[in-house]
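The following note is offered to a colleague reviewing this model. Its points concern domains, surface patches and one helix.

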Amino acid sequence: MQEKLLKLKQEILNQLESIKQADVLRDLEIKYLGRKGELTKILRSVADLSVEEKKTLGKLANEIKIELVDKFAEAKAGLEKTAGADYVDATLPGVEIKAGHLHPITIIQNEIEDLFASLGFMALDGPELESDYYNFTALNIPPYHPARDMQDTFYINPSSAKASEGKHELLMRTQTSPMQIRAMQKYGAPIKCIVPGRCFRSEATDVRHEHTFYQVEGLMVDENINFSHLKAILEVLGKKLFGPETVFRMRPKFYPFVEPGSNGEYSCFLCGGKGCRLCKGTGWLEIVGCGMVHPSVLKAGGVDPKKYQGFAFGYGLDRLAMLKYGINDIRLFHSGDLKFLKQF
Ligand code: DAH
């Protein structure tokens with residue numbers, strides 16, 4: 001019996017060596033180690049042996065079984081490894097390559113650029129780090145003018161000698177309006193341009209205020225430009241943004257760089273002007289600051305106010321995106337929160 005056992009073991013080991021397929025391996029395991037397997041049968045027959053034989057043969061049979069179970073496990077692991085290396089299951093779904101998409105503010109910006117391009121306006125880009133002169137003084141807001149208080153910002157190099165006298169040369173622009181001056185200086189009159197861009201203010205942030213936000217500036221300067229040109233352009237903008245039924249109205253408002261200045265309002269697109277939560281019951285949405293360019297501003301841009309007139313306007317892109325998409329917290333725009341961004 002001992003001989004028989006050793007022979008069987010060798011036979012099994014020989015066969016194991018040449019196996020290349022998992023199902024053949026499984027069949028072999030069943031054939032020898034399964035419930036009715038050959039080795040199992042021998043192990044069972046040990047029970048009928050004499051006590052003396054049981055001791056030696058029983059021990060040997062068990063040892064052989066343990067050894068073979070290990071060898072089968074080893075062979076199985078070996079086959080799985082090589083199978084993984086060169087086997088490709090072409091029926092499995094592929095790995096999706098995720099494409100990014102535009103930020104909601106960029107979507108609105110693109111729409112506005114397209115509209116104004118169709119009206120013959122060029123789109124300009126300006127510096128975010130701006131000089132005090134362009135951001136304020138050239139726009140008819142001299143040092144110590146109270147209008148500066150409305151637009152506190154981040155000043156650069158505050159320890160320089162001039163800064164200690166209250167004069168800061170460089171700051172993060174609070175508005176896109178300084179590009180009115182730069183554009184007139186560079187291109188002269190006549191000119192039609194818009195300037196979308198990032199602006200900054202030292203704000204205590206909340207759902208409606210951010211230290212970083214976006215504006216679009218508009219400027220048109222030519223001979224014989226008057227208020228009706230301004231109104232027509234802003235009416236077109238409103239219909240494009242909020243739909244063809246939109247009504248536009250203007251109410252007087254002070255901005256130092258325009259005279260007269262105005263606040264442009266659109267009929268509320270949500271309630272059609274009846275009054276709702278969005279328009280705070282008024283039926284109107286305050287969207288755009290605008291007016292006829294102040295003669296001092298034309299002069300600062302190198303344009304003769306006796307020959308040319310112009311209008312300018314400016315509004316917040318964040319506010320438009322919030323209205324359009326029903327976003328209730330401006331801070332979401334810069335949060336980098338994918339749960340928010342993936343909705344657009
Ligand atoms: N720059 C102004 C602001 O940030 C908005 C503005 C008002 C721009 C009137 C203009 C304008 O060009 O004419 O509040």
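1. Domain bounds, as used here, come from an automatic or database domain assignment. On that basis the protein is divided into domain 1, residues 2-86, and domain 2, residues 104-341. The centres of domain 1 and domain 2, taken over C-alpha atoms, are separated by 84 Å. The reader should bear in mind that this is a predicted model.

2. A patch of positive charge is present on the surface, and R35, K36, K41 and R44 form it. Of these residues, R44 is placed in helix α3, which spans residues 38-45. The relative accessible area of R44 is 51%. Because the exposed class begins over 50%, R44 is counted as exposed.

3. A patch of negative charge is also found on the surface, where D149, D152, E203 and D206 gather. D206 belongs to the loop that runs between β5 (191-200) and β6 (212-222). With a relative accessibility of 32%, D206 is classed as partly exposed. Patch membership requires over 30% relative accessible area and no salt bridge, so D206, at 32%, meets the accessibility condition.

4. A nonpolar patch on the surface consists of L129, I156 and L170, which together have about 220 Å² of accessible area. L129 is located in strand β2 (residues 129-131), and its relative accessible area of 41% makes it partly exposed. L170 is located in strand β4 (residues 170-172) and is likewise partly exposed, at 36% relative accessibility.

5. Within this nonpolar patch, how far apart are L170 and I156 in sequence and in space? They are 14 residues apart in sequence, while their C-alpha atoms lie 5.3 Å from each other in space.

6. Helix α8 covers residues 178-187, and its buried residues include P178, M179, Q180, I181, A183 and M184. Buried here denotes under 20% relative accessible area. What backbone feature does G188 show just after α8? At that position G188 adopts a positive phi of about 65 degrees.

7. For reference when inspecting the model, the charged patches may be located through R44 in helix α3 and through D206 in the loop between β5 and β6. The nonpolar patch may be located through L129 in strand β2 and L170 in strand β4.

Conventions:
Residues numbered from 1 in each chain as written. Predicted model: local features only at pLDDT ≥ 70, side-chain atom pairs only at ≥ 80, totals over all residues. Heavy atoms only, no water. Patch = residues over 30% accessible without salt bridge, like charges linked within 9 Å, V, L, I, M, F, W, Y side chains within 5 Å. Areas by Shrake-Rupley, 256 points an atom, 1.4 Å probe, with all protein chains shown as cover. Salt bridge = Lys/Arg side-chain N within 4 Å of Asp/Glu carboxyl O. Lys, Arg positive; Asp, Glu negative; His and termini not counted. Charge placed at Lys NZ, Arg CZ, Asp CG, Glu CD. Helix = DSSP H or I, 4+ residues; strand = E, 2+ residues; numbered from the N terminus. Buried < 20%, exposed > 50% of the residue type's maximum accessible area, 1.4 Å probe, protein only.
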